[in-house]
Amino acid sequence: MAAPARQKRPVRFHGLTAAALVLACTLLLWLGVSRKLNGWHLLACWLVAVNAIAFGYYGYDKRRARAGASRVPELVLHGLTAAGGALGSYAAMNFFRHKTVKGKFRILFWCIVALQVTLAAWVVKMTWWG
């Protein structure tokens, strides 16, 4: 019974750490670049931050994999992708050559990307041609 509790700890730790990093980077970007309480400015800062953190987390996981140390749970990597970090995740997968062979991981990754592209197309349609 102890094994499931141990498995949840890395997800919680890395998930909260990634979320805190994304929020901190978003705030720093917003303070440094915009300072306008505008949804589009906040969204742009969020997307830059989440993509940068996703890229960094893939690199961190690759380094941990090479060292044979404990890894970042795939749920956290997919969560960063789903939070808007698809470009950073894709760039990191190619740059670090990480998670490019694992079939189930890639299938879920591309499903998330397809859902995001569909959502973005719907937002564009509703915004400009609504």
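Helices are DSSP runs of H or I with at least four residues, numbered from the N terminus. The exercises below concern a predicted model.

**Exercise 1. Describe the overall architecture of the protein and the confidence of the model.**

Solution.

Step 1. Count the elements: the protein has four helices and zero strands. Read along the sequence, the pattern is therefore written α-α-α-α.

Step 2. Consider the extent. Along the principal axes, the C-alpha atoms fill a box of roughly 50 × 35 × 30 Å. The protein exposes about 8800 Å², and carbon and sulfur atoms supply 70% of this area.

Step 3. Consider the interior and the contacts. Of the 130 residues, 28% count as buried. Among contacts with a separation of 6 or more, 67% are accounted for by residues 24 or more positions apart.

Step 4. Examine the confidence. The average pLDDT is 91, and 93% of the residues score at least 70. Confidence is lowest in helix 1 (residues 2–34), with a mean of 86, and highest in helix 3, at 96. Where pLDDT is low, the predicted coordinates should not be read in detail.

**Exercise 2. Locate Arg97 and determine whether Arg97 is buried or exposed.**

Solution.

Step 1. Find the position: Arg97 is in the loop between helix 3 and helix 4.

Step 2. Apply the cut-off. A residue is exposed when its relative accessible area is over 50%. Arg97 has a relative accessible area of 67%, so Arg97 is exposed.

Step 3. Inspect the backbone. The phi of Arg97 is near 50 degrees, a positive value in a residue other than glycine. In the loop between helix 3 and helix 4, Lys99 likewise has a positive phi, of about 65 degrees, although Lys99 is not a glycine.

**Exercise 3. Characterise the surroundings of Val50 in helix 2.**

Solution.

Step 1. Place the residue: Val50 belongs to helix 2, which covers residues 39–67.

Step 2. Classify the exposure. Val50 has 0% relative accessibility and therefore counts as buried, the limit being under 20%.

Step 3. List the contacts. Apart from neighbours within four places in sequence, Val50 is in contact with Val22, Leu80, Ala83, Gly84 and Gly85.

Step 4. Compare sequence with space. Val50 and Leu87 are 37 residues apart in sequence, and their C-alpha atoms are 9.6 Å apart.

**Exercise 4. Lys62 is buried: establish which charged and polar partners surround its side chain.**

Solution.

Step 1. Place the residue: Lys62 lies in helix 2.

Step 2. Look for an opposite charge. The nearest side chain of opposite charge is Asp61, at 8.8 Å. A salt bridge requires a nitrogen to carboxyl oxygen distance within 4 Å, and Lys62 has no salt bridge.

Step 3. Look for other polar atoms. A polar atom of the Lys62 side chain lies 3.2 Å from the backbone oxygen of Arg97.

Step 4. List the contacts. Not counting residues up to four places away in sequence, Lys62 touches Phe96, Arg97 and His98.

**Exercise 5. Identify the salt bridges of the structure and decide which residues form a network.**

Solution.

Step 1. State the total: a search of the whole structure finds three salt bridges.

Step 2. Take the pair Asp61 and Arg71, whose closest N and O atoms are 3.0 Å apart. This pair links distant parts of the chain, 10 residues apart: Asp61 is in helix 2 and Arg71 is in the loop between helix 2 and helix 3. Asp61 is buried, with a relative accessible area of 0%, whereas Arg71 is partly exposed, at 35%.

Step 3. Take the pair Lys99 and Glu74, whose side chains meet in a salt bridge of 3.0 Å, N to O. Lys99 lies in the loop between helix 3 and helix 4 and Glu74 in helix 3, so the pair ties together parts 25 residues apart in sequence. Lys99 is buried, with a relative accessible area of 12%, whereas Glu74 is partly exposed, at 25%.

Step 4. Take the pair Lys102 and Glu74, with closest N and O atoms 2.5 Å apart. Because Lys102 lies in the loop between helix 3 and helix 4 and Glu74 in helix 3, this pair ties together parts 28 residues apart in sequence. Lys102 counts as partly exposed, at 41% relative accessibility.

Step 5. Combine the pairs that share partners: Glu74, Lys99 and Lys102 are joined into one network.

Terms used: Residues numbered from 1 in each chain as written. Predicted model: local features only at pLDDT ≥ 70, side-chain atom pairs only at ≥ 80, totals over all residues. Heavy atoms only, no water. Helix = DSSP H or I, 4+ residues; strand = E, 2+ residues; numbered from the N terminus. Buried < 20%, exposed > 50% of the residue type's maximum accessible area, 1.4 Å probe, protein only. Contact = heavy atoms within 4.5 Å. Areas by Shrake-Rupley, 256 points an atom, 1.4 Å probe, with all protein chains shown as cover. Lys, Arg positive; Asp, Glu negative; His and termini not counted. Polar contact = N/O pair within 3.5 Å; in protein donor to acceptor, adjacent residues only side chain to side chain. pLDDT = per-residue confidence, 0-100.
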